[in-house]
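Here is a short tour of one model, with a helix, a buried side chain and some strand pairing along the way. Have the viewer open and follow along.

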Amino acid sequence: MSRLFALLLCLAGPVWAAPPLQETIFWAAEVNKGNLPPIAERLPDVPLIVELEAKGRSYGTQGGTLRTFGTRSKDVRLMSAYGYARLVGYTSDYTLSPDILRDVEVTENRKFTLHLRPGHRWSDGAAFTSEDFRYWWENVAQDPDITPSGPPDFMFVDGVLGTVNFPDPHTVIFEWPTANPNFLPLLAQASPPFIYRPSHYLKQFHQKFTGPGALHAAITKARVKSWAALHNKRDSMSKFDNPEQPTLQPWINATTTGTSRQLFVRNPYYHRIDARGVQLPYIDVVEMTIATGGLIAAKVNAGEADLQARGLDFPDISILKKGEADGGNYRTLLWENGAASQIAIYPNLNFADPVWQEVMRDVRFRRALSHGVDRHMINRALYFGLAQEGGMTALPQSPLYDPQNASAYANYSPAKANALLDEIGLTERTQAGIRKLPDGRPMEFVVETAGERQEVENALAILTDTWRELGIKLVMRPLDRDILRNRVYAGLSMASVWFGWDNGLPTSQTSPMYLAPTNQEFFAWPMWGQYYQSKGELGEQPQGPAPNELLAMADRWNHATDAETRTTLWREMLRIHAQEVYAIGILSEAPQPVVVSKGLRNVPEQGLWAYDPGAHFGVHRIDEFYFEEPFQQVVQ
């Protein structure tokens, strides 16, 4: 039996009634010169109409340049997240609704019929059709030169590869024999699998569509080894760093890579308009400047950003508020943080050292470490007592929150911690009082960080003293973020510090796969995740009853058909995590400072700062933000 998943975004009218269209001021000169079609020819036949007043927002004024900072050159990819044009996306209440798609028809949660918007175009004016999905499926996902590992994991359900059909230019059908409840939420992620590609652009780099002579010249010019390497280099939907690749996002990358100042200009073919007939985004240009993370608060304080949260943390609030009070042309908003933990320590259960590995896999050791954390002291010292103290679990705003999970082994008790360590048999100590490992080495517990957050280093400094009471010497090692990740994945990192789960606000309908060892991104079991991702070709098979029980319950959730069963499974998986202490959560819900220029409108006073779900600013629809006096903001 079929049911219609959604017709249009909840804010769109039920029937398309075209408002009088207004030509975009930014592109008017190009239209007048004949270099660009008029607005009526650039929009889809059925654009997405946004009723701003129904959302409690005001209609905006076109124009202006929005200044923001990134902390690394790779942060250009954030424009794909911030812009948040998705086939289906989350609305402000975190329900799914079509966006790029006109609508989605769902049959038995296993067949998904995607209906495109006729007349929709890529940013260069080429038609966006089912052929762009076909190109991804046949010439990217299943091409052994481009994707040696074969089709992505999400295309398999119960080991069976799904099918993709293209009945007409505006219809694509994804189908599996059994239910695939993860499919639509996957498309709404901050970093989704882009199941379509601009085929008209990428064909010039594919051996199936381009002659060897032209390919050889392009390969030589790009200084790569093969046509597949060239294709992958030019195909950067997620990285967003190829200005030549067409996009469906609200802004187009207009700057070559390798510069510290990136400009993104409005997409003339963007599919969203407001109810007055004005094409979004309201803002013409986004200017992203790459700066050292430690300097961003000072630069924002000096008035050099119009919208900023990246690179700002709770400790920056005081300097930001002071600058605001001293006449700064900005407001400092405090949004809720959606991560399950602000600071979490991950003992690496796949650490290459067999002696340490055995110790860390003993749950009593992880519970002892958690009991040795003085969360109240850290909260007062770092967050003025405003954060929530406890282990890593679902946040109180989640319907799956259980206070017993948050408090499990989270009370500061050196006595309990020492008793647990003694029970393990770690009773011998050095003359300095440091416990010894079973092989006689002193217990020097090395915790590696990305070196980007001062609050992390401050928390570890406090932790050094409290763990010293347990006879454990904490050694902090700051690293580059990418180096840290690679060391964790390879089993070379003993322990690491990161945020908790991105999604701290799950519901029973949220996929619990990230609670099971299915991905190397969870730093407590990277190689178990690799084993799952590679179907046993890489990594290590999960050891112990709890990890395998989590895998089994995640699989049961995938096959469950009722909310009650899914809720029960979620609660049990959260309970296992709390009891097993795979991650030592310290604090959560520390407010996230969001700096907003006083002239910038439609920015929520209260919001949720979360990467998944929500894509940071994405779920708040940054394309609807506007400057009250836009032309004072234009970059010179």
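The notes below go through a helix, an arginine beside it in the contact list, and then a strand with its partners.

This is a predicted model, so please read every value as computed from it.

Let's start with helix 4, residues 130-141. Its twelve residues reach 15 Å from the first C-alpha to the last, close to the 16 Å expected at 1.5 Å a residue. Is this helix enclosed or open? Nine of the twelve residues are buried, so helix 4 is largely enclosed by the rest of the structure. Among the buried ones are Phe133, Tyr135, Trp136 and Trp137. The buried residues pack against strands 7, 9, 10 and 11, and also against helix 6 and helix 8.

Now for Arg197, in the loop between helix 5 and helix 6. Its relative accessibility is 12%, under the 20% cut-off, so Arg197 counts as buried. Leaving aside residues up to four places away in sequence, Arg197 touches Asp132, Tyr135, Trp136 and Val140, among others; those four are also buried residues of helix 4. The side chain of Arg197 has these polar contacts:

| Partner of the Arg197 side chain | Distance |
|---|---|
| Phe194, backbone oxygen | 2.4 Å |
| Asp235, side chain | 2.6 Å |

Finally, look at strand 17, residues 330-337. With strand 24 it pairs in the antiparallel sense over six bridges, and Arg331 has Val596 as its bridge partner there. With strand 26, strand 17 pairs in the parallel sense over two bridges, where Asn337 stands opposite Trp609.

Definitions and conventions. Residues are numbered from 1 along each chain as its sequence is written. This is a predicted model: local features need pLDDT of at least 70, side-chain atom pairs count only at pLDDT 80 or more; totals for chains, interfaces and linings use all residues. Side-chain values use heavy atoms; hydrogens and water are left out. Two strands pair if DSSP finds at least two bridges between them. The expected span of a helix is 1.5 Å times one less than its number of residues. Buried means under 20% relative accessible area, exposed over 50%, partly exposed in between (1.4 Å probe, protein chains only). Contact means heavy atoms within 4.5 Å. A polar contact is a pair of N or O atoms within 3.5 Å; within protein, one must be able to donate a hydrogen and the other to accept it, and residues adjacent in sequence count only if both atoms are side-chain atoms.
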